[in-house]
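Trainee: Got a minute to go through this model with me? I'd like to see how a few side chains sit.

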Amino acid sequence: MPRPRLKSRENLVQNAMWVFWTKGYYATSVDDLVKATGVARSGIYSEFGGKAEAFQSCLAHYRKVVTGPAIAILNDQEDGLQAIRQYFSYFIDKHRQHGLPGPGCFIANVVTEVAPHSEAVDREVSAHKAKLQQGFKAALRRAVGQARCDLSPSEIESLANFLTIASQGLWSYARTMHELTEIENFARDALVLVEAKLSPIQEEYRSDR
């Protein structure tokens with residue numbers, strides 16, 4: 001007898017997402033999705049159309065419920081530097097909840113596993129990267145104004161790129177870390193570099209050169 005479909009598509013996607021997130025796309029079978037969601041194979045296909053479509057739905061859901069709130073911090077927190085701190089704290093808390101070694105960032109995992117082989121997934125990853133970079137840029141612009149330093153638009157863009165790549169790399173490395181202090185120390189060091197760029201003393205030194 002086929003298993004009943006879940007009443008909530010969001011619950012279905014949430015359960016399927018965790019399987020893809022922890023096992024990866026290629027190691028996940030439709031039977032794994034059946035087991036995780038309680039939905040029959042026919043229900044998986046009728047709901048999504050197939051494994052690839054289910055994966056894309058899970059990736060979009062991850063961006064909505066996991067990375068979306070983090071990027072919102074970067075855009076909404078009035079204090080730009082504090083926004084960047086809270087962004088890192090948000091994901092450090094996630095790793096504290098899941099334990100280490102953790103599953104890493106779902107999107108960061110996808111960057112190397114699936115994105116090079118799927119245009120649809122690559123578009124989703126690129127959209128995430130653009131949103132994250134824009135969030136860092138917005139926070140940095142506010143921080144520059146609050147610190148009364150004079151970073152150029154190209155310097156702000158470069159620093160936003162650094163934070164985007166550094167943070168995604170950090171969440172990837174969390175898959176091999178055993179101590180939360182490793183993540184906390186990296187985040188602290190990244191913020192020290194940002195603070196140094198925003199230092200009025202450094203700005204005075206640079207203007208005198």
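What follows is a short back-and-forth about this predicted model.

Trainee: Which helix gives the largest share of the largest nonpolar core?
Mentor: That core has 64 residues, and those with the most contacts inside it are Ile84, Tyr87, Phe88 and Phe106. The largest share is ten residues, and these come from helix H4, residues 51–76.

Trainee: Is Asn109 buried or exposed?
Mentor: Start with its place, which is in helix H6, residues 106–113. The cut-off for buried is under 20% relative accessible area. Asn109 has 10% relative accessibility, so it counts as buried.

Trainee: Then which side chain does the side chain of Asn109 join in a polar contact?
Mentor: Leaving out residues up to four places away in sequence, Asn109 touches Trp21, Pro103, Gly104 and Arg175. With Pro103, a polar atom of the Asn109 side chain lies 2.9 Å from the backbone oxygen. The side-chain to side-chain polar contact, at 3.4 Å, is with Arg175.

Trainee: And Glu155, is it buried or partly exposed?
Mentor: Glu155 lies in helix H8, residues 153–173. Buried would need under 20%, and exposed over 50%. Its relative accessibility is 28%, so Glu155 counts as partly exposed.

Trainee: What distance separates a polar atom of the Glu155 side chain from the backbone nitrogen of Ser152?
Mentor: Don't mix this up with the C-alpha to C-alpha distance from Glu155 to Ile92, which is 27 Å across 63 residues of sequence. For the Glu155 side chain and the Ser152 backbone nitrogen, the distance is 2.8 Å.

Note on methods:
Residues are numbered from 1 along each chain as its sequence is written. This is a predicted model: local features need pLDDT of at least 70, side-chain atom pairs count only at pLDDT 80 or more; totals for chains, interfaces and linings use all residues. Side-chain values use heavy atoms; hydrogens and water are left out. A nonpolar core is a set of buried Ala, Val, Leu, Ile, Met, Phe, Trp, Tyr and Cys residues joined through side-chain atoms within 4.5 Å. Buried means under 20% relative accessible area, exposed over 50%, partly exposed in between (1.4 Å probe, protein chains only). Helices (H or I, at least four residues) and strands (E, at least two) are DSSP runs, numbered from the N terminus. A polar contact is a pair of N or O atoms within 3.5 Å; within protein, one must be able to donate a hydrogen and the other to accept it, and residues adjacent in sequence count only if both atoms are side-chain atoms. Contact means heavy atoms within 4.5 Å.
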